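Open your viewer and get comfortable. Here is a short tour, one selection at a time.

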Amino acid sequence: MSTGTDIPRARAALAAAYVCFVKARVRLVYCSLRLAEAEGRIDSSEREAFETRIRRAMRLSKPAKRLTAVQAACRGAEAYLREARAR
């Protein structure tokens, strides 16, 4: 049988795991952008533009909006990298 504190603890654990996932995704995108630049698939201005978008999203004040904006910025960068890889 569960107690009344199980659900809030589970929600907090899920939120913490989601934040860790987003942080890992950002690190992966940063590394992917730098690799693509090193391989000559994108130039430094393109890399800097995507990194700036992600950093701007990280500065939003409300946590839910911040995570959503960071995820959207990462998705945009990942799509651009897929397109650059196909070229």
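**The whole chain**

Begin with everything selected: of the 87 residues of the chain, 26% count as buried. Keep in mind as you look around that this is a predicted model.

Now colour by secondary structure. You should find 3 helices and 0 strands, running α-α-α from the N terminus on. The radius of gyration is 17 Å, well over the 12 Å that the globule rule gives for 87 residues, so the chain is more spread out than a compact globule. Turn the model along its principal axes and the C-alpha atoms fill a box of roughly 55 × 25 × 15 Å.

Next, show contacts between residues at least 6 apart in sequence: 60% of them join residues at least 24 apart.

**The surface**

Switch on the surface. The chain exposes about 6,100 Å², and carbon and sulfur atoms supply 60% of that area. Then colour by charge to pick out 19 positive and 9 negative side chains; the centres of these two sets lie 10 Å apart.

**The nonpolar core**

Hide the surface and look inside. In soluble globular proteins, nonpolar side chains tend to be buried together. Here, select Val26, Val29, Leu33, Ile42, Ile54, Val70 and Cys74: of the 18 residues in the largest nonpolar core, these touch the most other members. Helices α1 (6-38), α2 (44-58) and α3 each supply at least two residues of this core, and α3 gives the most, with 8 residues.

Which residues does Val26 touch, not counting those up to four places away in sequence? Select Val26 and its partners appear: Ile54, Met58, Val70 and Cys74.

**Two stops on α3**

Move to Gln71, which sits in helix α3 (residues 63-86). Is Gln71 buried or exposed? Its relative accessibility is 7%, under the 20% cut-off, so Gln71 counts as buried. Show what surrounds this side chain: leaving aside neighbours within four places in sequence, Gln71 is in contact with Tyr18, Phe21, Val22 and Arg25.

Finally, select Arg75, also placed in helix α3. With a relative accessible area of 44%, Arg75 is partly exposed, whereas Gln71 is buried. For a last step, draw a distance from Arg75 to Cys31: the two are 44 residues apart in sequence and 14 Å apart in space, C-alpha to C-alpha.

Technical notes: Residues numbered from 1 in each chain as written. Predicted model: local features only at pLDDT ≥ 70, side-chain atom pairs only at ≥ 80, totals over all residues. Heavy atoms only, no water. Helix = DSSP H or I, 4+ residues; strand = E, 2+ residues; numbered from the N terminus. Rg over C-alpha atoms; globule rule 2.2 N^0.38 Å. Buried < 20%, exposed > 50% of the residue type's maximum accessible area, 1.4 Å probe, protein only. Contact = heavy atoms within 4.5 Å. Areas by Shrake-Rupley, 256 points an atom, 1.4 Å probe, with all protein chains shown as cover. Lys, Arg positive; Asp, Glu negative; His and termini not counted. Charge placed at Lys NZ, Arg CZ, Asp CG, Glu CD. Core = buried A, V, L, I, M, F, W, Y, C linked by side-chain atoms within 4.5 Å.
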